[in-house]
Amino acid sequence: MTANPLQYETIWFDKIKFAEAERKYYEQIAQGGDAMVSAEVLQQISSLQSKVESLTKLVATLEVTVRNLEAKSGSAASPAAKPQARTPSKVSKSAAAAADDDDIDLFGSDEEEDAEAAKIREDRLKAYAEKKSTKKAVIAKSNVILDIKPWDDETDMGAMEKQVRTIVMEGLLWGAGRLVPLAYGIKKLQISCVVEDDKVSVEELTEKIEEFEDFVQSVDIAAFNKI
C-alpha cells in the first residue's frame, strides 16, 4: 500500500488554527468595521496561506506522479500478448500426424486408381466376350435354282426328282421343283434349294446329282442369289 505523501506536512495539523484565526478576523470586521487586527493573527493567516499554496502545488505534482506510476504499473502488469512457443510434445504430434498423412497418400492414390481401372477393363472385356458368345452368328446363305436335264423323253421325271431329293447334306434345304419343256417333248427338272455357303459347295452338289446316271444327263445352274 502506498504511503500518504502528505503525512509529513505540518499544514494539516495547523488547519484548525487557521480556521479559528480566519473566523476571528471576519468577526472583528463585522463588529467594528475598521477595528485593528492584531499583527500576530495577520502573520498566522499569511503563513497559512503560503503553506496552502505550496501544498496545492505539491498535491498537483503528486497527482501527476501517481498517474504516471499507475500507467507504468498497468502496462507492466498486462504486457502485449506474445505468440506462445509450440511445446515439443505439440511439435512432435504435428510432425507425426504429417508423417502419417505422407505415408497414407504417398503413391497410394495412383495405385488404387490403376487397380480400379484394370478391374473395370477386365469386367468390360468379360461382358463383351459373353455377349459375343451368345450373339447369333450371321449365316451366309444362297438360293440356288438347278436345271437337271434327262437323257430323253422316256425318262421318268418323277423318279428322277425323288432321287435328287435323296441327297442330304448339312446346310442343304430342298425347295420346290417343276418340269420345264425343252424341245421335242423333252422336259427338264428345275428345282430350287437353299444352301449355307460355308457348309455346302454347289459344285459338289451338282456332282452328286450327276451320279444318278440312269436319269440325269447334265446339271446346270440356272440362278444363284445370296440371301
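Which residue in β3 is the bridge partner of N143? The legends below give the answer along the way. The model is predicted.

**Figure 1. The whole protein: six helices and four strands.**
Read from the N terminus, the elements follow the order α-α-α-α-β-α-β-β-α-β. The protein has 227 residues, and buried ones make up 19% of them. Its accessible surface comes to about 17,900 Å². Carbon and sulfur atoms account for 55% of that surface. Take the contacts between residues at least 6 apart in sequence: 71% of these join residues at least 24 apart.

**Figure 2. The open sheet of four strands.**
The strand order is β2-β3-β1-β4, and the pairing is antiparallel. β2 (172-183) and β4 form the edges, each pairing on one side only. From one strand to the next, the twist averages 20 degrees. Helix α6 (residues 202-210) packs on this sheet. The helix touches β1, β2, β3 and β4. Its direction makes about 150 degrees with that of β4.

**Figure 3. Strand β1 beside strand β3.**
The two strands run antiparallel and are joined by eight bridges. β3 spans residues 186-196. Here is the partner asked about at the start: N143 is bridged to V194 in β3. V144 has C193 as its bridge partner in β3. For D147, the partner in β3 is Q190. β3 is mostly covered, with eight of its 11 residues buried.

**Figure 4. Strand β1 beside strand β4.**
This pair is also antiparallel, and eight bridges hold the pairing. I145 has its bridge partner in β4, namely A223. A salt bridge adds a side-chain link: D220 meets K149 at 3.4 Å, N to O. D220 lies in strand β4 (residues 218-226) and K149 in strand β1 (residues 141-149), so the pair ties together parts that are 71 residues apart in sequence. Are these two residues buried or partly exposed? D220 counts as partly exposed because its relative accessibility is 34%. K149 is partly exposed too, at 27%.

**Figure 5. The hairpin of β2 and β3.**
Two residues separate the strands of this hairpin. The strands pair in the antiparallel sense over nine bridges. One of the paired residues is R178, whose bridge partner in β3 is Q190. Q190 also appears in Figure 3, as the partner of D147. What is notable about phi at Y184? Y184 is not a glycine, yet its phi is positive, about 60 degrees. Most residues other than glycine have a negative phi. Y184 sits in the loop between β2 and β3, in the turn of the hairpin. Is Y184 buried or exposed? With 79% relative accessibility, Y184 counts as exposed, because the cut-off for exposed is over 50%.

**Figure 6. A salt bridge within helix α4.**
D123 forms a salt bridge with K119. The closest N and O atoms are 3.3 Å apart. Where do the two residues lie? Both belong to helix α4 (residues 108-134). They are four residues apart, which is about one turn of the helix. D123 is partly exposed, at 40% relative accessibility. K119 counts as exposed, at 52%.

**Figure 7. A salt bridge within helix α5.**
The side chains of R165 and E161 meet here, at 3.1 Å from N to O. Helix α5 (residues 157-165) holds both residues. Their spacing is four residues, about one turn of the helix. R165 has a relative accessible area of 32%, so it counts as partly exposed.

**Figure 8. A network of salt bridges.**
How many salt bridges does the structure hold? The count is eight. Among them are the pairs D123 with K119, D220 with K149 and R165 with E161. This view turns to three linked residues. E170, E196 and K199 are joined in a network of salt bridges.

Definitions and conventions: Residues numbered from 1 in each chain as written. Predicted model: local features only at pLDDT ≥ 70, side-chain atom pairs only at ≥ 80, totals over all residues. Heavy atoms only, no water. Salt bridge = Lys/Arg side-chain N within 4 Å of Asp/Glu carboxyl O. Buried < 20%, exposed > 50% of the residue type's maximum accessible area, 1.4 Å probe, protein only. Pairing = 2+ DSSP bridges. Axes fitted to C-alpha atoms, helices over the stretch in contact; angles between N-to-C directions. Contact = heavy atoms within 4.5 Å. Areas by Shrake-Rupley, 256 points an atom, 1.4 Å probe, with all protein chains shown as cover.
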